[in-house]
Structures are given as structure tokens and as C-alpha cells.
Amino acid sequence: RFAKGNYTKVMFLEKLARSSTARRIARLILPYRLVINIGIHTLLFAASYFYSILLFNGLVFDKIVFEMFMVTFWPLLIIRLAVFQYNGLFSGMWRFVSFEDLIIIIRSVIISSLLVFGLSLFWDRIRMGEAVYLLDMTFCIIFCGGIRLLVRNFREVYLAGEDSGSRSKIILLGPVNRVQF
């Protein structure tokens, strides 16, 4: 199933994730979670927008493409951060991400892209082709949803309790969005 090298890497990750060092690091960064969350989203927004502009320009990177990115990115970033904050995407716990979170991400990306597009109709300096907005929406949904799912998967696979057999298992019945604890 696993090649010997891959198996040892997986075992190393499991031991590292379950170690007290990993838990100590997690406790140290917990107070700065909001700042880290906004920083990660800023990088994801920049990557999705940059790839969109690059694809729109035929994967040609030159001074004009860079200037276009630098001028048009800041209004997009401010609007997208505001919409994500309004929809509560910076306050959630990524380890409990669900399909409902993905719907909120999709809604936030669409709203922020429409706001930026509407702004570009009145402000020629940030006007881009419609394909850039569609590509950016696609990449942003993939990046923002993907990183949340990766974090959840990592926590479930590598940070699961070592003695999970002693825990009692429960079954929740009913619609997932209606279950209360």
C-alpha cells in the first residue's frame, strides 16, 4: 500500500501532530487566530486574483500585468475582506468546516466579485475583463474552501485522540443544520 519512504513520512507526521510540542504551538498561536486567518485569506485572495489575471493574459507575466494586478487588487481585497467578515468567515473553527461553510464561502465570493465588478463600472482604473472576475471567483472558492477542508482532514487524521476507543460514540439524527448540542 505505502512505499517504505511514504509510510515513514506518514508515521513521522502522526507522531509530530500528536506530540506535546504541536499542542504547545497550537496554544501559542490561538490568541492570534484572527490575524493569522485574515493573513491566510489575504494570501489566498492574492493568489486567486493573480492567477486569474495571468490566465486572462495568456500566462504572460510582464510589467503591465504586474501593474494591473497592483492597481486592481487593493479594492478587491478591501471589499472581499469586508464581505467575508460580514458573513462570519473569520470567526469559525476550520476543524468543524461543513457544507454550509462552503455555501457561505460561495455566497461571499459571488457578492464581493459583483461589488468589485459594479465598482469597476464607475471607476475605469480598476476595470478588467469579465473573464478575470469569473476565473477569480472559481479560484477563490477552490482555495478558500480547499484550505478549510485540508485543515479539517489533517485534524481528523493526524490530531485524532490516541485513545479514541475509550470514548463513547453518539449518533445525531435529523437535519445537520438543525442539530443542537
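Start by selecting Glu-67: in this predicted model, Glu-67 is partly exposed, with a relative accessible area of 41%. Now add Lys-63, which counts as exposed at 61% relative accessibility. These two side chains form a salt bridge, and their closest N and O atoms are 4.0 Å apart. Both residues belong to helix 4, which covers residues 63-86, and they sit four residues apart, about one turn of the helix. In an α-helix there are 3.6 residues a turn, so residues three or four places apart point the same way.

**Along helix 4**

Keep going and select the whole of helix 4. You'll have 24 residues, reaching 35 Å from the first C-alpha to the last, close to the 34 Å expected at 1.5 Å a residue. Zoom in on Phe-73: a kink of about 35° lies there, shortly before the proline Pro-75. Phe-73 and Pro-75 are both buried, and other buried residues of helix 4 include Val-65, Phe-69, Leu-76, Ile-79 and Phe-84. What covers them? Show helix 3 (33-56), helix 5 (99-122) and helix 6, which are among the parts that cover the buried residues of helix 4. Just after helix 4, stop at Gly-88, which takes a positive phi of about 75°.

**A salt bridge out of sight**

Go back into helix 4 and pick Arg-80, then add Asp-136. Here is another salt bridge, with the closest N and O atoms 2.9 Å apart. Arg-80 lies in helix 4 and Asp-136 in helix 6 (residues 130-158), so this pair ties together parts that are 56 residues apart in sequence. Are these two buried or exposed? Arg-80 counts as buried, at 0% relative accessibility, and Asp-136 is buried as well, with a relative accessible area of 1%.

**One more pair**

Next, select Arg-127 and Asp-124. Their side chains meet in a salt bridge, 3.1 Å from N to O. Arg-127 is partly exposed, with a relative accessible area of 42%, while Asp-124 counts as exposed at 56%. That completes the set, as the count comes to three salt bridges.

**Helix 3 against helix 6**

Now hide the side chains and show helix 3 together with helix 6. Two packed helices are described by the angle between their axes and the distance between the axes. For helix 3 and helix 6, the angle is about 145° and the axes are 8 Å apart. Helix 3 passes helix 6 in a right-handed crossing. To see the contact, bring some side chains back: from helix 3 the residues include Ile-40, His-41, Leu-44, Phe-45 and Tyr-49, and from helix 6 they include Val-132, Leu-135, Phe-139, Phe-143 and Ile-147. Asp-136, from the buried salt bridge, is one of the helix 6 residues in this contact too.

**Finishing on helix 3**

Leave helix 3 selected on its own. How far apart are its end C-alpha atoms? They are 34 Å apart, which agrees with the 34 Å that 24 residues should span at 1.5 Å a residue. Among the buried residues of helix 3 are Asn-37, His-41, Ser-48, Tyr-49 and Leu-54. Turn helix 4 and helix 6 back on, since what covers the buried residues of helix 3 includes both. Your last stop is Gly-58, just after helix 3, where phi is positive at about 70°.

Note on methods
Residues are numbered from 1 along each chain as its sequence is written. This is a predicted model: local features need pLDDT of at least 70, side-chain atom pairs count only at pLDDT 80 or more; totals for chains, interfaces and linings use all residues. Side-chain values use heavy atoms; hydrogens and water are left out. Helices (H or I, at least four residues) and strands (E, at least two) are DSSP runs, numbered from the N terminus. Buried means under 20% relative accessible area, exposed over 50%, partly exposed in between (1.4 Å probe, protein chains only). The expected span of a helix is 1.5 Å times one less than its number of residues. The bend at a residue is the angle between axes fitted to the seven residues ending there and the seven starting there. Contact means heavy atoms within 4.5 Å. Axes are lines fitted to C-alpha atoms, for helices over the stretch in contact, and angles run from 0 to 180 degrees between N-to-C directions. A crossing is left-handed if the near helix is turned anticlockwise from the far one by less than a right angle, and right-handed if clockwise.
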